[in-house]
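Q: I have a structure open with more than one chain, and I'd like to learn how to read it. Can you walk me through it?

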Number of protein chains: 2
Amino acid sequence: MRKLRVAIGQAGGPTAVINASLWGFILEAVHHFDVSLVLNGFQGLVEDQIVPLSSQFYEQLSAYQDIPGSCLGSGRWKLSGEDFPLAIRHLKEKDIHYLVMIGGNGTMDGCRELKKTADDLNYELAVIGIPKTVDNDLQHTDHSPGYGSAAKYVGLAVRDIAADLKSMKNFESVRIIETMGRHVGWLAAASALVKQHDEDPPHLIYIPEKPFDQEAFLRDVSETVKQYGYATVVVSEGLCDRNGNVLSQLPIGQTLNRQVLGGVSQYIAQLVIDELGLFSRAENLGMIQRSSRLARSSQDYREATAIGRQAAQWLKEGKVGIMLTIEREAAVQEEYRFRIGSCPIERVAGEERPIPPHFLGERGVNSSFIEWLRPLVGLDVRGYPELKLIE
Amino acid sequence: MRKLRVAIGQAGGPTAVINASLWGFILEAVHHFDVSLVLNGFQGLVEDQIVPLSSQFYEQLSAYQDIPGSCLGSGRWKLSGEDFPLAIRHLKEKDIHYLVMIGGNGTMDGCRELKKTADDLNYELAVIGIPKTVDNDLQHTDHSPGYGSAAKYVGLAVRDIAADLKSMKNFESVRIIETMGRHVGWLAAASALVKQHDEDPPHLIYIPEKPFDQEAFLRDVSETVKQYGYATVVVSEGLCDRNGNVLSQLPIGQTLNRQVLGGVSQYIAQLVIDELGLFSRAENLGMIQRSSRLARSSQDYREATAIGRQAAQWLKEGKVGIMLTIEREAAVQEEYRFRIGSCPIERVAGEERPIPPHFLGERGVNSSFIEWLRPLVGLDVRGYPELKLIE
């Protein structure tokens with residue numbers, strides 16, 4: 001019996017574990033399906049870059065699955081107009097009736113629209129979405145693969161940048177550290193990963209869930225520097241003012257008519273200089289936070305692989321039209337446990353997911369958030385102790 | 001017999017292993033000396049922040065020695081005028097005749113000047129310098145503690161940022177990654193750590209040892225993007241034009257009348273946008289490159305500890321007025337070996353150390369440089385293989 005054909009692709013920004021999901025899927029899928037690869041995300045669907053899985057690539061991927069980046073190529077192609085029937089035509093030419101995409105909000109939206117077009121054209125198509133986002137902005141899942149590793153990067157980088165600043169506090173006193181996260185604050189919040197006491201960095205965290213209040217900000221920075229001699233401040237790239245306008249976007253994005261978030265740390269560091277006269281340096285954590293191999297979380301990696309395998313199993317069982325989710329089970333003897341669930345793909349598409357109010361605290365997030373976060377990153381990561389230099 | 005008194009301090013920017021040198025020194029020194037700590041670098045000498053080593057701090061440091069940052073506080077205090085006799089007075093009040101500073105060029109300069117002042121004042125003072133710099137700009141040593149770890153960070157971060165960019169090359173094509181390094185290119189050059197073939201990132205490396213030629217740069221970027229579909233470009237913060245003028249300095253440094261290198265990546269990314277019309281993003285690796293715990297090199301850590309211990313031994317033997325150095329011994333069965341040497345502190349002070357011409361290559365550095373670098377970082381770090389997506 002000829003196997004049914006499935007195509008799998010990756011879309012949107014990469015993560016440290018997106019290749020693990022690809023590998024998990026392929027490992028299981030090859031037993032039941034003829035697998036094809038969609039290169040370069042939705043662009044590859046539209047431009048017919050759909051290639052059969054070769055045994056050579058299968059071998060290579062088994063060694064490459066723990067490497068960051070999207071190894072099939074991804075990108076940010078926004079499907080529109082004629083793209084939809086064109087993509088369906090290319091799938092039809094290859095007799096592919098199953099499409100699996102690993103991606104975030106925009107990707108799930110694209111999958112839903114592709115399914116609609118297929119229905120309109122009377123082409124039988126089943127879609128499954130595998131979640132992936134460092135921003136953790138997907139609804140209906142406890143968290144998304146990719147977030148745990150990025151959160152680990154942010155938590156450890158902020159810990160180390162703060163230790164660096166503390167050594168230099170008689171030279172410079174404020175660092176404004178910018179994280180990714182788009183319009184939600186999950187990654188900025190992760191900077192509190194190893195914080196235990198008020199005096200531990202980061203001292204202040206600003207997230208898009210709360211409008212940025214310049215006066216309160218300057219007062220808080222000034223007080224922090226008075227109290228501890230320095231201030232480590234974390235800001236999310238998507239920070240907004242009271243009117244919901246984003247504070248800063250990268251000028252280089254605008255130049256090419258593309259809007260890319262980023263640069264808010266420079267805007268805010270300049271504020272501190274102008275208004276408080278303190279030496280303040282902007283640090284944008286940049287692309288490494290979503291693609292660091294060193295900071296990959298083992299738990300994140302396990303979950304990314306497991307969710308890929310489960311997608312292939314459910315595809316075989318005919319459970320389609322879903323995005324897979326991660327459900328947190330009740331801890332057994334304090335040990336974190338998860339299981340894989342699902343929700344209809346159309347429910348998740350295009351939504352956003354702010355940090356819920358019960359995780360928010362006065363200067364960022366509270367200890368419940370940290371308890372929620374720790375197992376996703378690994379319980380072995382630690383903060384640095386306070387040294388007693390003078391007896 | 002009462003033990004002689006020695007004071008040790010840390011100065012200049014921190015590294016991932018500067019506390020290991022402190023610990024190595026103290027571990028050995030406590031057997032022969034009464035040890036005091038100079039807090040906050042030279043500022044602590046001038047402002048009398050010199051405290052006895054407590055048993056509590058000794059215990060804490062034994063656990064803290066592998067943590068980045070300068071745990072005594074350091075800073076960039078530039079000694080001048082009345083600072084010198086004041087510092088000597090504070091040492092004299094405490095009957096301290098031995099001063100050990102862990103630092104870079106500026107620190108060695110300061111030690112030499114302090115010694116001169118002491119001589120002028122007929123105060124018996126012996127100084128020893130322990131090298132420390134991520135920039136690797138100290139003369140008369142094969143390399144300096146701190147460089148191996150920072151080089152590892154740069155090499156791995158550029159590898160991962162390139163893997164990230166490659167996944168997204170249908171969305172953005174150029175990343176300009178900025179490293180530290182002051183007026184020399186050692187850290188930018190370290191981005192070639194795991195590069196094996198021309199097509200491997202980073203594709204282009206620009207260092208202060210060669211004047212930046214805008215036309216050649218634009219041509220090279222354009223060709224690289226045509227050939228590989230994307231370009232990973234590394235630039236050193238201290239890049240200069242043909243007239244020896246630094247291309248860019250941080251505006252926030254200027255605002256407070258301090259000149260701080262940095263920002264050249266933004267200047268160059270904008271060039272690519274304006275002149276080539278390619279999506280180009282600036283990435284400044286920032287402070288984490290000198291203070292990352294995850295990227296610490298074990299070899300660097302071993303050497304930093306060993307050099308601290310040797311300083312205490314030589315101090316006991318009366319070998320003073322030196323900066324300790326690291327000498328590379330002939331490899332035995334291809335295994336890297338080092339031994340600790342010394343040079344007169346006045347020979348090293350204030351000098352700079354560009355990458356020698358035999359390490360330079362057409363698009364950055366050559367393979368001899370990488371062979372020289374690899375053992376300092378660890379031979380276990382690897383690049384990512386090229387995947388064959390299409391049969």
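A: Sure, and keep in mind that this is a predicted model. Two copies of a chain are related by a rotation about an axis and a shift along it. Here, chain B lands on chain A after a rotation of 180° with 0.0 Å of shift along the axis, and the RMSD is 0.0 Å.

Q: What relation is that rotation of 180° with 0.0 Å of shift?

A: It's the relation of a two-fold axis. In chain B, the C-alpha nearest the axis belongs to B:Leu294, 3.4 Å from it. Both copies use the same surface: 100% of chain B's contact residues recur in chain A.

Q: How do I read the packing of α1(A) and α12(A)?

A: Two packed helices are described by the angle between their axes and the distance between the axes. In chain A, the axes of α1 (residues 18–29) and α12 (residues 298–317) come within 7 Å and cross at roughly 35°. That crossing is right-handed. Among the residues making the contact are A:Gly24 and A:Phe25 of α1(A), and A:Ala304 and A:Gly308 of α12(A).

Q: How many residues of that contact are nonpolar, polar and charged?

A: You get 10 nonpolar, 5 polar and 2 charged.

Q: Which features sit at the start of α12(B) and just after it?

A: At the start, a side-chain oxygen of B:Ser297 comes within 3.3 Å of the backbone nitrogen of B:Gln299. Just after the helix, B:Gly318 has a positive phi of about 80°. As for α12(B) itself, its 20 residues reach 29 Å from first C-alpha to last, close to the 28 Å expected at 1.5 Å a residue.

Key. Residues are numbered from 1 along each chain as its sequence is written. Chains are lettered from A and ligands numbered from 1 in the order in which they are written. This is a predicted model: local features need pLDDT of at least 70, side-chain atom pairs count only at pLDDT 80 or more; totals for chains, interfaces and linings use all residues. Side-chain values use heavy atoms; hydrogens and water are left out. Copies are superposed by least squares on the C-alpha atoms of residues with pLDDT of at least 70 in both. Contact means heavy atoms within 4.5 Å. Helices (H or I, at least four residues) and strands (E, at least two) are DSSP runs, numbered from the N terminus. The expected span of a helix is 1.5 Å times one less than its number of residues. A polar contact is a pair of N or O atoms within 3.5 Å; within protein, one must be able to donate a hydrogen and the other to accept it, and residues adjacent in sequence count only if both atoms are side-chain atoms. Axes are lines fitted to C-alpha atoms, for helices over the stretch in contact, and angles run from 0 to 180 degrees between N-to-C directions. A crossing is left-handed if the near helix is turned anticlockwise from the far one by less than a right angle, and right-handed if clockwise. Ala, Val, Leu, Ile, Met, Phe, Trp, Tyr, Cys and Pro count as nonpolar, Asp, Glu, Lys and Arg as charged, and the others, Gly among them, as polar.
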